[in-house]
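Biologist: Hi, I've just opened this one and I'm new to it. Can you walk me through what's there?
Modeller: Sure, let's bring it up and take it topic by topic.

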Amino acid sequence: MAKEKTSFICTECGGSSARWLGKCPHCEAWNTLIETTAEAPAAAVKNRFASLAKTSEVAVLADIEASEVDRTPTGISELDRVLGGGIVEGGVVLIGGDPGIGKSTLLLQALDGLQRAGVPTLYVTGEESGAQVALRSRRLGLDRSQVSVLAEIQLEKILSTIASTQPAVAVIDSIQTVYSDQLTSAPGSVAQVRECAAHLTRAAKSSGTCIVLVGHVTKEGALAGPRVLEHMVDTVLYFEGDTHSSFRLVRAIKNRFGAVNEIGVFAMTEKGLKGVANPSAIFLSQHSEPVPGSCVLVTLEGTRPMLVEIQALVDSGGVSPRRLSVGLDRDRLAMLLAVLHRHAGVACMDQDVFVNAVGGVRISEPAADLSVMLAITSSLRGRALPKGFIAFGEVGLAGEVRPAPRGQERLREAAKLGFSIAVVPKANAPKKGSREIEGLTIHPVERIEEAMEVVRSLQ
């Protein structure tokens, strides 16, 4: 019996190579080539993508009729926020996350809510049986749920069921388990994932069914399969959070129908995932009195301002002091310590510095710089910041404090939650000349030295 020919496919760009190489010859990514069964000759499969082809005439952009897309709310407010207001007809959503974090639970709750609102739905499970899905729905309290369930992994049967039942929303759990008869490679391989996703995307666009694909993630936290998978779909959502914690974050990485980097906050309960109306309460510790090394930051996640507590601990170190950050960029922490030493005269070269964002949230925006530096200084001197104190602003290498986007919204959110003192960049201060906004005393600063002086006068 002749040995099957194999080829090596890049998980990043989808390029192929006849032999294994350390670096992909197409996109030059390292260690991305995986072995797979070679495809059949082109002549045998020349019509395989005929269903994906769609011809149209050339049109002038101004002459094309376009209107705002209609959205159907799922009934879960936090999920609707991340999606941009609800599901879109013909949209394709890819949602990924660690095993057991709640992807299937959230989608089953959303489908049940849509079905009870009169929206036809379909749940395609390739990892569980129909009985397992039914048991989960009963544990979640979804009594007498009318969601249609199909336990199938063959692409052609799934597409046939979608065409015959015409659901408004169909969930494929997961795309790594689906395979097509047109390919000989195993389910989950690069070729299978790429082709199945392409056919499902075309089916969504042609039929108007919103298709939600559940994707596995690698040990690094990225979506498994070819990177082209994220380019095919309209929306990419990531589930974040620790499985040992009761809180989950759903973040939009890509969204053609809404804001990018929008997040939804959920709490895992016995009856499934419940939306958290005031997420700032999660990320703020409840101190009876102010403690050294704690500073509250008003961060911006998508369109939502949130208050997050930044904690810092400065302790005497050895010959090579440690710099460790959780939820913040470690390289940026090292840069801020250098700026703190050079421009504010606060030296930490012989100290261990630990910085943490409370609640497991990840902060990537540079507007957290000022809060981090004030928390480090507070811990080093052993003096707590005043009660009701917040700060935000980007700090440059020259020691200047740069404005943060949408500063007025941040200040209003802080005032709404009862904070009374704010140290912010001068460009973010109210323009009317008054330093008061809804009971909030604002101290505008232009340099890090000024911020340190303001804090010393308040302590």
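Biologist: How many salt bridges does the rule count?
Modeller: The count comes to 18 salt bridges, where a salt bridge is a side-chain nitrogen of Lys or Arg within 4 Å of a carboxyl oxygen of Asp or Glu. Keep in mind that this is a predicted model: local features need pLDDT of at least 70, side-chain atom pairs count only at pLDDT 80 or more, and totals for chains, interfaces and linings use all residues. Residues are numbered from 1 along each chain as its sequence is written, and side-chain values use heavy atoms, with hydrogens and water left out.

Biologist: Which residue does E78 form a salt bridge with?
Modeller: That's R304, with the closest N and O atoms 3.0 Å apart. E78 is in helix 1 (residues 77-83) and R304 is in strand 16 (residues 304-316), so the pair ties together parts 226 residues apart in sequence. Helices (H or I, at least four residues) and strands (E, at least two) are DSSP runs, numbered from the N terminus.

Biologist: OK, new topic. In what order do the nine strands of the open sheet come?
Modeller: The order is 8-7-9-10-6-11-12-13-14, with mixed pairing. Two strands pair if DSSP finds at least two bridges between them. Strand 8 (148-151) and strand 14 (272-275) are at the edges with a single partner strand each, so one side of each has no neighbour in the sheet.

Biologist: And how many bridges join strand 12 to strand 13?
Modeller: Five, between residues 247-255 and residues 263-269, and these two strands run antiparallel. F247, for one, has A267 in strand 13 as its bridge partner.

Biologist: What lies across strand 7?
Modeller: Helix 2 (residues 103-116) does, running at about 155 degrees to strand 7 (121-125). Axes are lines fitted to C-alpha atoms, for helices over the stretch in contact (heavy atoms within 4.5 Å), and angles run from 0 to 180 degrees between N-to-C directions.

Biologist: Switching again: what domains does the assignment give?
Modeller: Domain 1 (6-37), domain 2 (71-277) and domain 3 (282-458), with bounds from an automatic or database domain assignment. The centres of domain 1 and domain 2, taken over C-alpha atoms, are 28 Å apart. Eight residues from domain 1 and nine residues from domain 2 make the contact.

Biologist: How much area is buried between domain 1 and domain 2?
Modeller: About 600 Å², with carbon and sulfur atoms giving 56%. Buried area is the accessible area (1.4 Å probe) that two parts lose on being put together, summed over both. The rule finds zero salt bridges across that interface. On the domain 1 side, strand 1 (6-10) and strand 3 (33-37) are the elements giving two or more residues, and strand 3 gives the most, with three residues.

Biologist: Last thing: which bond between D173 and S174 is cis?
Modeller: The peptide bond, with omega about 5 degrees. S174 is in the loop between strand 9 and helix 5 (190-207).
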